[in-house]
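Colleague: Thanks for making time for this one. Could we go through it together, a question at a time?

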Amino acid sequence: MIIKIYSTLRFIVIVTLVMVFGCQPAQKTTEENKALDEEKYRPQFHFSPEENWMNDPNGMVYYEGEYHLFYQYYPDSNVWGPMHWGHAVSTDMMNWEHLPIALYPDELGYIFSGSAVIDWNNTSGLGTEDNPPMVAIFTYHDPVGADKKSLDHQNQGIAYSLDKGRTWTKYDNNPVLVNPGITDFRDPKVSWMEEFDGWVMALAVKDHIEFYTSDDLIEWTKESEFGQGIGGHGGVWECPDLFKLKTEDGEERWVLFVSINPGGPQGGSATQYFLGEFDGSNFVPQDSVTRWIDLGADNYAGVTWSDIPAEDGRQLFLGWMSNWDYGQEVPTYKWRSAMTLPRELILTKIGEELILQSKPVEEIKSYLTAVETTSEEDGYVLPDELVMIELNGFDAMNLKASLSNEKGEKVGFTISPESIAFDRSSSGQTDFGKGFAAMHSYENFLEDLRKVQIYIDRASIEIFINDGEFVMTELVFPTQPYSKFVISSGNAEVKMAKVSSIWDEK
Ligand code: FRU
């Protein structure tokens with residue numbers, strides 16, 4: 001009897017407690033979230049801002065021994081907001097020094113994406129012959145106009161620096177390229193094109209790219225449009241880039257990057273590219289094939305560095321390692337987002353097809369320390385949470401492998417002649433954002449399987465097949481690091497290397 005009364009009482013107490021507190025979701029404050037975060041998912045060999053929100057890489061330019069990385073930045077919150085250009089520099093594209101914010105919003109608007117160049121001949125007159133200006137060309141996004149649904153709230157402005165990007169002055173007569181009345185009119189990527197003796201700008205305009213030319217970075221003339229009715233059009237066109245590459249055999253192509261959001265092969269954001277000819281005014285594609293620079297879900301808005309010295313000659317790239325579908329909800333709080341590994345872009349022929357290969361830059365090698373590979377009955381043991389796994393000597397064109405931890409969280413991937421697939425549906429925390437828990441796959445035309453490299457950071461996995469002929473970049477949030485690597489079908493020689501943190505003193 002006593003037991004019965006006691007258990008009834010206990011039932012009432014529990015029901016009351018549930019009624020009072022149970023219906024309220026356990027809201028955490030930003031401070032609590034920051035504490036929870038404890039840098040658990042802080043990328044160790046990828047760039048991330050110290051705090052708060054980052055998206056696209058901007059103004060990537062090399063000058064006097066430094067790679068500059070500016071980026072879309074909102075310093076007051078961990079979600080997107082009034083855009084600034086954050087800034088960092090590096091001598092190897094891996095280890096970054098954070099610098100103060102370079103560009104702040106002003107009365108013309110937020111500072112959206114764009115590029116930076118060194119105006120070696122001082123064509124703009126903003127520097128001197130002896131001290132050529134570093135010029136940033138970006139989009140002003142006027143939030144008031146945007147709210148009023150005005151059509152012309154995005155215009156292009158410029159700013160310059162005479163001290164290696166440390167301090168910036170906005171040009172007095174901004175904007176330099178005025179919107180003709182089209183809602184999406186942004187993300188200028190400018191290059192000096194020696195063969196056309198002038199500046200060329202690729203600009204994303206709603207559903208196409210427009211090309212403009214200039215002698216001085218200030219007066220711009222429209223040359224042409226490209227893109228309606230060709231390529232992926234699942235979303236708005238953003239962040240173009242245009243450059244020329246040559247294959248080993250001397251075959252040349254112009255490469256045009258166009259990021260689209262949504263409409264990517266894995267849902268949400270992705271970057272497509274076109275191969276073709278450019279004559280200084282018009283881009284003519286070689287065919288109507290839609291190609292993607294990365295088959296994974298998390299490589300967006302990437303462009304290439306300008307002013308890489310001729311003696312280096314590489315085309316160097318990195319992208320925003322996220323996706324607009326869930327980028328603002330990923331389970332990091334103190335900061336949000338990272339960049340992909342820096343990659344060298346190479347034009348390569350596979351059979352009859354020309355493709356853009358993206359290979360991790362050479363500089364990464366000095367962050368790798370080979371370790372002996374140990375295996376247990378149920379798979380290979382990962383020596384650390386920061387690992388590069390390299391597979392060679394395949395016995396067939398098939399590989400099915402997985403990474404997992406003691407909690408049973410698991411990432412599986414498959415490479416076959418038909419498709420490449422990456423399954424992150426049980427990879428750890430997955431329920432924070434739209435469509436994150438998914439299996440991503442893509443048809444391919446793999447002709448042989450020679451080498452696979454898997455770079456595992458705390459919250460990302462990048463898979464490079466045959467030195468980047470095919471790439472998959474994917475975010476993952478395991479609640480504890482993956483510790484096992486299992487090959488369940490196919491056979492290959494397995495090597496491992498620890499990756500050292502780019503934030504450590506070198
Ligand atoms: C791409 C993008 C750009 C724009 C910027 C705003 O991710 O939408 O088109 O300039 O982000 O932050």
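Colleague: Which residue in strand 8 does A159 stand opposite?

Modeller: Before that, a word on the model: it is predicted, so local features need pLDDT of at least 70, side-chain atom pairs count only at pLDDT 80 or more, and totals for chains, interfaces and linings use all residues. Residues are numbered from 1 along each chain as its sequence is written, and side-chain values use heavy atoms, with hydrogens and water left out. Strand 7 (residues 154-161) and strand 8 run antiparallel and are joined by two bridges. Opposite A159 in strand 8 stands K170.

Colleague: What order do the strands of that open sheet follow?

Modeller: Strands here are DSSP runs of E with at least two residues, numbered from the N terminus, and two strands pair if DSSP finds at least two bridges between them. Strand 5 and strand 8 (169-170) are the edge strands, each pairing on one side only. The pairing in this sheet of four strands is antiparallel, and the order is 5-6-7-8.

Colleague: Which residues surround the ligand?

Modeller: A residue counts as near the ligand if one of its heavy atoms lies within 4 Å of it. Strand 1 (52-63), strand 5 (110-118) and strand 9 (185-193) each supply at least two residues of this shell. The residues around the ligand are N55, D56, Q72, W80, M83, F112, S113, R186, D187, E238, Y300 and W324.

Colleague: How many residues of the shell are charged?

Modeller: The classes are nonpolar (Ala, Val, Leu, Ile, Met, Phe, Trp, Tyr, Cys and Pro), charged (Asp, Glu, Lys and Arg) and polar (the others, Gly among them). The shell has five nonpolar and three polar residues, and the charged ones number four.

Colleague: How many Å separate an oxygen atom of the ligand from an N or O atom in the side chain of D187?

Modeller: A polar contact is a pair of N or O atoms within 3.5 Å; within protein, one must be able to donate a hydrogen and the other to accept it, and residues adjacent in sequence count only if both atoms are side-chain atoms. N55 places a polar side-chain atom 3.1 Å from a ligand oxygen, while S113 uses a backbone N or O atom at 3.2 Å. For the side chain of D187, the distance is 2.6 Å.

Colleague: What share of the ligand's accessible area does the protein cover?

Modeller: Accessible areas come from the Shrake-Rupley method with a 1.4 Å probe. On its own the ligand has 310 Å² of accessible area, and the protein covers 95%.

Colleague: Why is strand 9 largely enclosed by the rest of the structure?

Modeller: Buried means under 20% relative accessible area, exposed over 50%, and partly exposed in between, with a 1.4 Å probe and protein chains only. Strand 9 is largely enclosed because the buried residues among its nine number eight.

Colleague: Which residue in the turn of the hairpin of strand 9 and strand 10 has a positive phi?

Modeller: Seven bridges join these antiparallel strands, and S191 has V200 as its bridge partner in strand 10. Four residues lie between the two strands, and the one in the turn with a positive phi, about 50°, is D197.

Colleague: Which residue does K244 meet in a salt bridge?

Modeller: A salt bridge is a side-chain nitrogen of Lys or Arg within 4 Å of a carboxyl oxygen of Asp or Glu, and a search of the whole structure finds 31. K244 lies in strand 13 (residues 236-246), and its partner sits 49 residues apart in the loop between strand 9 and strand 10 (198-205). K244 is partly exposed at 29% relative accessibility. Across a gap of 2.7 Å, N to O, the partner is E195.

Colleague: Is R42 buried or exposed?

Modeller: R42 forms a salt bridge with E39 at 2.7 Å, N to O. E39 counts as partly exposed because its relative accessibility is 24%. R42 has 7% relative accessibility, so it counts as buried.

Colleague: Where does strand 28 pair over six bridges?

Modeller: Strand 28 (residues 410-415) also pairs with strand 29 (residues 419-426), in the antiparallel sense over five bridges, with G412 opposite D423. On the six-bridge side, A401 stands opposite F413. That antiparallel partner is strand 27 (residues 399-404).
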